[in-house]
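Work through the two exercises below with the coordinates open, and attempt each task before reading its solution.

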Amino acid sequence: MRKVQNLSDPAVIKEILARHGFTFSKKLGQNFLINPSVCPRIAELGNARKGFGVIEIGPGIGVLTNELCKRAEKVVAIELDSRLLPILSETLSEHRNLRVINEDVLKVDLKRLIAEELGGLRVAICANLPYYITSPVVMKLLEERLPVETVTTMVQKEAADRLCAEVGTRDAGAVTVAVSFYSEAARLFDVPRTSFMPSPKVDSTVIQLKIREQTPAVADERQFFRLVRGMFTMRRKTAANAISGSLGIDKDTVLAALRAAGISPDARPEQLTMEELTRVSDILGQGSST
Ligand code: SAM
C-alpha cells in the first residue's frame, strides 16, 4: 500500500499518465484539477464527513476522490473511462472506504447503488462534472428523487449562471426551473481555467444544490415540466404564444388560463415566477381533464 501522492502536482500527474500510456480524451471532458486548494474545499463544503456516504461522478486520477475518502464514511466513484481504473487502484490504494464503478453515470441505477453501497448513511454527491453532460446529469440527479442531501459540483461558469439563476429573471431557462423546483441552488466559488490540465477554454464555478424535502405544490408534475420545457423552447415569444405553439393548445384557452392565474398576456416565459408557472400548469390541467 502506497501513500497517496500529490495528485494536483502537474509533474506527478504527467509521470503517472505517462507510465500508464494514458492520453486525455477531449470527448469525455477530461480536464484534471491541478489547483491544490480546490478539492479540499469541494470536499469540506460538499458534506464529505463522518456519517456521510459520497457518490463522486468522474474521479479521473482521483484528486477529489482522495479528499472525499479522507473525510467521508464511504465513497463510491463512477468513472466511464476504463483506462483510468488501473490508475485509480494505484493512486488511491491507501483508502479502504472506496469503491470505483466503471459505468456511464447516465446509465447507472443510482437509487439501487445508494441502497446497496451507502445504506444507513446520509448521502451527498460531489463532482467535477464533464461539461458535455452537465445538464443531463443534473437533471438525472434531481428527477430521480434520490435520497441525497446535497449535490456539490464544478460546472462551466456559464452553466452556473443558468443553473443558479432566479426563476422569473432573464438568465432563467427550463433547467433553472427544474433546479429550483427540486433544490436550492447556490454558487460557492469560481475556479479559473488555469486550475486544470489541460486548461479548458472556459472558467468554472463550484455550485451546490441543496435538495428540498418538499417540492412546490403542483397537481401534475409531468405536465408541469412539459409546459416549462415547451415554453422555454420559444423563449423569445410571449408566454401565451409559446405555450400555445409548443403544446398545441388553442390560444384563447391559454390566454384564459393566464388571466385566471393573474399573469399579463404579454409576459415572456422567462418573466414567470415558480408560483405563476405552477398555477398556469394547474389551471390548464383542470381544463383538459373536464
Ligand atoms: N475528478 C477529476 C478531477 O477533478 O481532476 C476528473 C474530472 S474530469 C472534468 C471528468 C471525468 O469524468 C473524467 O475522468 C471522465 O473520464 C469522466 N466521465 C466522462 N463522462 C462520464 C460519464 N458519462 N460517466 C462517468 N464518468 C464520466
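Two strands count as paired if DSSP finds at least two bridges between them, and helices (H or I, at least four residues) and strands (E, at least two) are DSSP runs numbered from the N terminus. The model is predicted, with local features needing pLDDT of at least 70 and side-chain atom pairs pLDDT 80 or more, while totals for chains, interfaces and linings use all residues. Residues are numbered from 1 along each chain as its sequence is written, and side-chain values use heavy atoms, without hydrogens and water.

**Exercise 1.** Determine the strand order of the open sheet of 7 strands, and find the residue opposite glutamate 184.

*Solution.* Listing the pairings gives the order β4-β3-β2-β5-β6-β9-β7, with mixed pairing. The edge strands, each pairing on one side only, are β4 (98–101) and β7 (183–191). Next, β7 and β9 (residues 204–211) pair in the antiparallel sense over 8 bridges, and in β9 it is lysine 210 that stands opposite glutamate 184.

**Exercise 2.** Describe how helix α8 (residues 174–182) is placed against the sheet and against helix α9 (residues 221–233).

*Solution.* Axes are lines fitted to C-alpha atoms, for helices over the stretch in contact (heavy atoms within 4.5 Å), and angles run from 0 to 180 degrees between N-to-C directions. First, α8 lies across β7 and β9, running at about 115 degrees to β7. Second, α8 and α9 pack at about 150 degrees with axes 8 Å apart; the two helices are therefore roughly antiparallel (angles over 145 degrees). Finally, the residues that meet include Phe181 and Tyr182 in α8, and Phe224 and Phe225 in α9.

Definitions and conventions:
Angles under 35 degrees count as roughly parallel, over 145 as roughly antiparallel, 65 to 115 as roughly perpendicular and the rest as oblique.
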